[in-house]
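Thanks for asking me to look this one over. My notes are below as numbered points, so you can follow along with the model open beside you.

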Amino acid sequence: MKRGFITWDRAELPPSVFEARLTRARKVLAERELPALIVYSDVFRSNQARFLTNFMPYWNRSLVVVPREQPPILLCALSPRVYPWIRSVTVLDDIRPAGKLVQSLLQLCTEREWKKIGVLDLPRLPHELHAPLLQSNVEVTDVSLGAMDDDELAMRRRAVTLARQILGDQLPKGAGMVDYRFVGGLEREFRRAGVEDLVILVSAGKAPAPAKGVTLGDQYSVSVALEYRGNWVKVTRARASETVCKILRDRFDSVLQENSGYVQNLSGPYPYEGCDRSDLAPESIYALHVEDSRLFYGDTCVGAAPL
């Protein structure tokens, strides 16, 4: 769940980063002889549009349109009262109301005389948008922008460092607490640090906890997946004896080097996608975790090493 009033720290992520990304996208358009790129965005799949423009909706569908030679355009059904906020946290200035996304997009194509367009990750466009778009008189083709840039990698490292620090500081405090109270305190720390979306899972090292919660003992593990500035990372740590923790760390290192085990792809448009390591590009961001006696250890990785 997205929470808080999202702002844009231009010192942390300067406008030049987005200018470079848009230039890269326009280079791809020129190579493909396409007049515009369409990027779909919603609360579950906001990373791609945010990568290019810093736009992330709280709860709405939208299309970011990147013309080859003009400024980007946002088509969305959000109320005009939030347009000033959108302009303050993104590189977008041209925002157009679009209750019906495909109809609004096709109208824009008519206005600009675009006979064909590119769509980022076209096969995964929602069916209710995909089908009418393919049936229109505008030629639609799939487009990929390739690997992440150094700025994204740096932001991921900042996010995973934040996750490790807070989890490391707070993990010992859970002993003797009811699990949901411990999770509430954890969430408060992460939200105060600027985390926009958050998933926390606790394992008490035994049978699953009842619905009303369980008091944590001397052994438990916590898995935190978080979104920071549009970048997802995941870190899992265990509170246990040094012997048990070493077993978990050694098992993690072994699985990481053997290129085996279950991983979750964090670099695609949908976080937490389970996948085969062989399907990942060398620079892909993914989460890997291992288990021993219902205790878990894991981290966010790139290539064959923790990020």
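**Notes on the predicted model**

1. Let me begin with strand 3, residues 73-76. Ile 73 and Leu 75 point one way from this strand, while Leu 74 and Cys 76 point the other way. Every one of these four side chains is buried. Please keep in mind as you read that this is a predicted model.

2. How is strand 3 joined to strand 2? The two strands run antiparallel, with 4 bridges between them. They form a hairpin, and 5 residues lie between the two strands. If you want a pair to click on, Val 65 has Ile 73 of strand 3 as its bridge partner.

3. Strand 3 also pairs with strand 4, this time in the parallel sense and over 4 bridges. Here Ile 73 turns up again, standing opposite Asp 94 in strand 4.

4. Now for the sheet as a whole. It is an open sheet of 6 strands in the order 4-3-2-1-5-6, and its pairing is mixed. Strand 4 (94-97) and strand 6 (139-143) stand at the edges; each has a single partner strand, so one side of each is left without a neighbour in the sheet. On average, neighbouring strands of this sheet are turned by 25° against each other, direction ignored.

5. Elsewhere in the sheet, strand 1 (residues 36-41) pairs with strand 5 (residues 116-120) in the parallel sense, over 2 bridges. Leu 37 can be found opposite Gly 118 of strand 5.

6. Which strands does helix 1 lie across? Helix 1, residues 15-32, lies across strand 1, strand 2 (62-67), strand 5 and strand 6. Relative to strand 2, helix 1 runs at about 70°.

7. Next, a helix pair. Helix 4 (residues 101-112) packs with helix 5 (residues 127-134) at an angle of about 35°, and their axes are 9 Å apart. The crossing of helix 4 and helix 5 is right-handed. From helix 4, Leu 101, Val 102, Leu 105 and Leu 106 meet Leu 129, Pro 132 and Leu 133 of helix 5. By class, this contact has 7 nonpolar residues, with no polar and no charged ones.

8. You may wonder about the cysteines: how many disulfides does the structure hold? The count is 0. For Cys 76, the closest cysteine sulfur is that of Cys 109, and at 17 Å it is too far for a bond. Cys 245 is in no disulfide either, as the nearest cysteine sulfur, in Cys 301, is 18 Å away. Cys 76 has a relative accessible area of 0% and is buried. Cys 245 also counts as buried, at 10% relative accessibility.

9. Finally, a look at Arg 239, which is in strand 9 (residues 231-239). Is Arg 239 buried, partly exposed or exposed? With a relative accessibility of 26%, Arg 239 counts as partly exposed. Leaving aside residues up to four places away in sequence, Arg 239 touches Leu 171, Pro 172, Ala 175, Gly 217, Asp 218, Gln 219 and Tyr 220. Asp 150 is 89 residues from Arg 239 along the chain, and the C-alpha atoms of the two are separated by 34 Å.

Technical notes:
Residues are numbered from 1 along each chain as its sequence is written. This is a predicted model: local features need pLDDT of at least 70, side-chain atom pairs count only at pLDDT 80 or more; totals for chains, interfaces and linings use all residues. Side-chain values use heavy atoms; hydrogens and water are left out. A disulfide is a pair of cysteine sulfur atoms within 2.5 Å. Buried means under 20% relative accessible area, exposed over 50%, partly exposed in between (1.4 Å probe, protein chains only). Two strands pair if DSSP finds at least two bridges between them. Axes are lines fitted to C-alpha atoms, for helices over the stretch in contact, and angles run from 0 to 180 degrees between N-to-C directions. Contact means heavy atoms within 4.5 Å. A crossing is left-handed if the near helix is turned anticlockwise from the far one by less than a right angle, and right-handed if clockwise. Ala, Val, Leu, Ile, Met, Phe, Trp, Tyr, Cys and Pro count as nonpolar, Asp, Glu, Lys and Arg as charged, and the others, Gly among them, as polar.
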